[in-house]
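Student: Could we go through this model together, one question at a time, with the reasoning behind each answer?

Tutor: Gladly; please keep the sequence and the structure in view as we go.

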Amino acid sequence: MKRVQKQLMISFLSLILLSILLVVAGEAGIQVFTFSFRGTGHSGQAQFICQTLLEILTIGAIPLALRLFKLKKIHQELVSKPEKALLKWGQLRIWILFLPLLLNIIFYYASMAPGFGYMGIILFLCLFFIVPTKGRCSEDITDNLDKK
């Protein structure tokens with residue numbers, strides 16, 4: 001159990017570090033990616049499509065990640081095979097929030113559209129609800145779903 005919690009925490013912290021590095025690079029004006037929505041002929045349409053898709057992804061990802069371990073099938077697997085299931089579903093939950101976060105950071109610095117930045121900030125704040133601490137991991141694998 002402790003090994004799984006450490007693996008989840010390493011994944012979590014490394015993705016936070018990657019996010020911070022992308023923000024620092026963007027604020028410093030370092031172009032990490034070669035594409036940009038600024039100055040191209042169809043940039044407004046492409047930006048609108050990307051922003052709409054990321055808004056839908058963000059709106060869906062937040063409740064899914066926060067409630068993932070409460071779904072009956074997943075909760076039963078966490079109780080019956082705690083280490084294997086916690087690693088699998090914990091990694092999935094981390095990526096459910098970090099993938100749209102990283103995409104929002106990338107698209108924000110490609111377009112400087114505030115919508116991407118706001119969604120990134122919201123996703124970053126949601127990360128504090130899924131930090132894989134020892135207490136949270138042991139709570140996730142106990143069978144107390146009916147009591148809540």
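Student: In which helix is S19 found, and is S19 buried or exposed?

Tutor: Bear in mind that this is a predicted model. S19 is found in helix α1, which covers residues 2-27. The cut-off for a buried residue is a relative accessible area under 20%, and S19 has a relative accessible area of 5%, so S19 is buried.

Student: Which residues is S19 in contact with, once its neighbours within four places in sequence are left aside?

Tutor: One useful pair to begin with is S19 and F98, which are 79 residues apart in sequence while their C-alpha atoms are 8.6 Å apart in space. With the neighbours within four places in sequence set aside, the residues in contact with S19 are F98, L101, L102 and I105.

Student: How far apart are the C-alpha atoms of G26 and I105, and how does G26 count in terms of accessibility?

Tutor: G26 also lies in helix α1, and its C-alpha atom is separated by 8.6 Å from that of I105, although the two residues are 79 apart along the chain. Since the partly exposed class begins where the buried class, under 20%, ends, G26 with its relative accessibility of 21% counts as partly exposed.

Student: What separates the C-alpha atoms of G44 and S111?

Tutor: G44 is found in helix α2, which spans residues 43-67, and it is partly exposed, with a relative accessible area of 49%. G44 and S111 are 67 residues apart along the chain, and the separation of their C-alpha atoms is 9.5 Å.

Student: How are α3 and α4 oriented to each other?

Tutor: Helix α3 takes in residues 72-80 and helix α4 residues 82-111, and the two pack with their axes 6 Å apart, at an angle of about 135°. Because only angles over 145 degrees count as roughly antiparallel and those from 65 to 115 as roughly perpendicular, the orientation of α3 and α4 is described as oblique. The contact is made from the α3 side by I74, E77, L78, V79 and S80, and from the α4 side by P82, A85, L86, K88 and W89.

Student: Is Q76 buried or exposed, and how far is its C-alpha atom from that of E27?

Tutor: Q76 lies in helix α3, and its relative accessible area of 53% is above the cut-off for exposed residues, which is over 50%, so Q76 is exposed. Q76 and E27 are 49 residues apart along the chain, and their C-alpha atoms are separated by 44 Å.

Student: Where is M112 found, and what is its phi near?

Tutor: M112 is found in the loop between α4 and α5, the latter being residues 114-126, and M112 is partly exposed, with a relative accessible area of 39%. Most residues other than glycine have a negative phi. M112 is a residue other than glycine, yet its phi has a positive value, near 60°.

Student: What pattern does the protein chain follow along its sequence, and what box do its C-alpha atoms fill?

Tutor: The protein chain has six helices and zero strands, and read along the sequence its pattern is α-α-α-α-α-α. Taken along the principal axes, the box that the C-alpha atoms fill is roughly 55 × 25 × 20 Å.

Student: What percentage of the residues of the protein chain count as buried, and what percentage of the accessible surface belongs to carbon and sulfur atoms?

Tutor: The protein chain has 148 residues, of which 41% count as buried. Its accessible surface comes to about 8,800 Å², and the part belonging to carbon and sulfur atoms is 69%.

Terms used
Residues numbered from 1 in each chain as written. Predicted model: local features only at pLDDT ≥ 70, side-chain atom pairs only at ≥ 80, totals over all residues. Heavy atoms only, no water. Helix = DSSP H or I, 4+ residues; strand = E, 2+ residues; numbered from the N terminus. Buried < 20%, exposed > 50% of the residue type's maximum accessible area, 1.4 Å probe, protein only. Areas by Shrake-Rupley, 256 points an atom, 1.4 Å probe, with all protein chains shown as cover. Axes fitted to C-alpha atoms, helices over the stretch in contact; angles between N-to-C directions. Parallel < 35°, antiparallel > 145°, perpendicular 65-115°, else oblique. Contact = heavy atoms within 4.5 Å.
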